[in-house]
Amino acid sequence: MSGSSLYARDSAVNAGLQKLRFFPQEVVRGQGCHVYDPGGRCYLDLSASWGAASLGYAHPDFVARVHEALLGQAGASMLSSAVSPATALAEKLLGITPGCEDRRVWLGHSGSDANEAVARALPVATGRHRVISFSGAYHGGTQGSMAVSAHPVQTHAARDGGLVAVPYPDSYRPFEGDPTGAALLAHIEALLAGDCPGDEVSAFFIEPIQSDGGLLIPPPGFLKRLGEICARYGILTVCDEVKVGLGRTGKLHAFQFEDWTPDVTVFGKGLGGGLPLSAAVGPSALLDCATAFAMQTTHGNPISASAGLAVLDIIERDGLAENAATTGAKLLSALREKLAGNPAVGDIRGRGLVLGIELVGEDKAPAPALTRAAVYRAWELGVVAYYVGAGSNVIELTPPLILTEAQAEEGAAILAEAIADACAGRVDEALTAPFAGW
């Protein structure tokens, strides 16, 4: 790279505090499921900017809706005004999200601020000062959202004094050897009856698929049974659908795979289609418990709210949840076929268009160096994918919901080649060393 490259310029001016880099990716434009570098090279983006670009890039109908909102900008904030697009978005979210009868919507900029708003309101609304979440949970990057998370990358963050973290159900490494999740549920019940009294717990923060913790999918019925346990103690269930919701799993909401409805649902990333937008939908007793409590000046701004309305309308109109189901099944099948027999591939799992490839060494030990090399090589070959997990060893795929079956086949073939090259030592460690990733 020359000293005047886009990546070098970025390194000279943009703060490292906000970077999570895996290779020297440069982007000057995007179209559909592809991004382009300054030289015009095209990359198939199987990350969709961590799922934020739910409709891909430069979707014409999305662009038109945002442009229209800009031309007749309805203010800049809902802080001190009732704003038409923000109100319409809240009405739409209430209409598509199941829950109790008397609910409200809180609008923000990211999943982080939405989870923080809920976490801060909980003790005020309930009088309870304990919270439970899962080990490996990543509910955001603000102080309040990190306080109720338990991801190892956030060891620098101050945790909520009343936080208790329990293992997430992991079929590849099951708790006490029980893949059904029953032993883990018994462990949770014992906590609530003992060291973490249930009547002191305000909420259980739940990811219906634990994404940054390693793309873990709970066994059938687990969330329903967990919800029943929480209900017995009056504990609110907060479902973090920030990365995996709004069509990505093949259903509109990831929790719909179980006969369970959370008390609070949190949205972010793909809700804005690439623009900053988040939402929490929950009981008015929680979200109306105070005013001037969790606010930022441009919350509910008409441009982002209009973007959210466009995203929801296009997902419904174009059957993108259904496309995620069929194309995701094709991608999962292609990955399993092309990676079959590779001993470094411990597990391939997913639901719809959220999938994970776990790379391991002996005895299922995480293989972070191999994973780092594999995603770097995939980028060299023309595919953008990142890795996640407590062991930094799970390649995460969250492509745009418009991904085609042909693109799924192409992506699977390139990823298989990249993993094979990494396993064969054909990736120069000097190239990957500057990119710490997770």
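**Entry 1. Val-148**

I began with Val-148, which is buried at a relative accessible area of 1%. The model is a predicted one, and I read every value below in that light. I located Val-148 in the loop between α5 (143-146) and β6 (163-166). I then listed what Val-148 touches, leaving out residues up to four places away in sequence: Ala-119, Val-131, Ser-133, His-139, Leu-163 and Phe-205. I also checked the C-alpha separation between Val-148 and Asp-160, which is 6.1 Å, although their positions lie 12 residues apart along the chain, counted as a sequence offset.

**Entry 2. Strand β7 and its partners**

Next I turned to β7, residues 201-206. How many of its residues are buried? I found six of six, so the strand is mostly covered by the definition of buried as under 20% relative accessible area. I looked up the pairing on either partner. Strand β5 (residues 130-134) runs parallel to β7 and is joined to it by three bridges; Arg-130 has Val-201 as its bridge partner in β7. Strand β8 (residues 236-240) also pairs with β7 in the parallel sense, over four bridges. Within that pairing, Ile-206 is matched with Cys-239 of β8. I traced the connection from β7 to β8: the chain passes through helix α7 (residues 222-232), and this β-α-β crossover is right-handed.

**Entry 3. Leu-215**

On the way from β7 to α7 I stopped at Leu-215, which lies in the loop between these two elements. Its phi is positive, about 55°, although Leu-215 is not a glycine. Is Leu-215 buried or exposed? I recorded a relative accessibility of 1%, so Leu-215 counts as buried.

**Entry 4. Arg-349**

Leu-215 appears again in the contact list of Arg-349, so I examined that arginine next. Arg-349 lies in strand β11 (residues 345-351). Its relative accessible area is 8%, and Arg-349 is therefore buried, the cut-off being under 20%. What does its side chain meet in a polar contact? I found the side chain of Asp-347, at 2.8 Å. Leaving aside neighbours within four places in sequence, I noted that Arg-349 is in contact with residues including Tyr-172, Gly-214, Leu-215, Leu-216 and Ile-217. The list also includes Leu-332, Arg-336, Val-354, Leu-355, Gly-356, Glu-358 and Val-394.

**Entry 5. Ser-392**

I looked up another residue with a positive phi: Ser-392, near 50°, which is not a glycine. I placed Ser-392 in the loop between β14 (386-388) and β15 (394-397). With a relative accessible area of 15%, Ser-392 is buried.

**Entry 6. Helix α11 and the residue after it**

I tested the length of helix α11 (residues 368-381) against expectation. Its 14 residues, at 1.5 Å a residue, should span 20 Å, and the end C-alpha atoms are 20 Å apart, so the two values agree. Which residues of α11 are buried? I listed Leu-370, Thr-371, Ala-373, Ala-374, Val-375, Tyr-376, Ala-378 and Trp-379. After α11 comes Gly-382, with a positive phi near 110°.

**Entry 7. The four-stranded sheet**

I then followed the chain to β13 (383-384). This strand belongs to an open sheet of four strands, ordered β1-β2-β3-β13, and the pairing in the sheet is mixed. The edge strands are β1 (29-31) and β13, each of which pairs on one side only. As a reminder to myself, strands of a sheet pair through backbone hydrogen bonds, either parallel or antiparallel. For β13 I looked up the link to strand β3 (residues 42-45): the two run parallel and are joined by two bridges. Leu-44 has Val-383 as its bridge partner in β13.

**Entry 8. Cysteines**

Last, I searched for disulfides and found zero in the structure. Why is Cys-33 not bonded to Cys-42? The sulfur of Cys-33 is 10 Å from that of Cys-42, the closest cysteine sulfur, and this is too far for a bond; a disulfide needs sulfur atoms within 2.5 Å. I made the check from the other side as well: for Cys-42 the closest cysteine sulfur is in Cys-33, at 10 Å. I also compared their surroundings. Cys-33 counts as buried at 4% relative accessibility, whereas Cys-42 is partly exposed, with a relative accessible area of 32%.

Terms used. Residues numbered from 1 in each chain as written. Predicted model: local features only at pLDDT ≥ 70, side-chain atom pairs only at ≥ 80, totals over all residues. Heavy atoms only, no water. Pairing = 2+ DSSP bridges. Buried < 20%, exposed > 50% of the residue type's maximum accessible area, 1.4 Å probe, protein only. Right-handed = clockwise from strand over helix to strand, strands pointing away. Polar contact = N/O pair within 3.5 Å; in protein donor to acceptor, adjacent residues only side chain to side chain. Contact = heavy atoms within 4.5 Å. Expected span 1.5 Å × (residues − 1).
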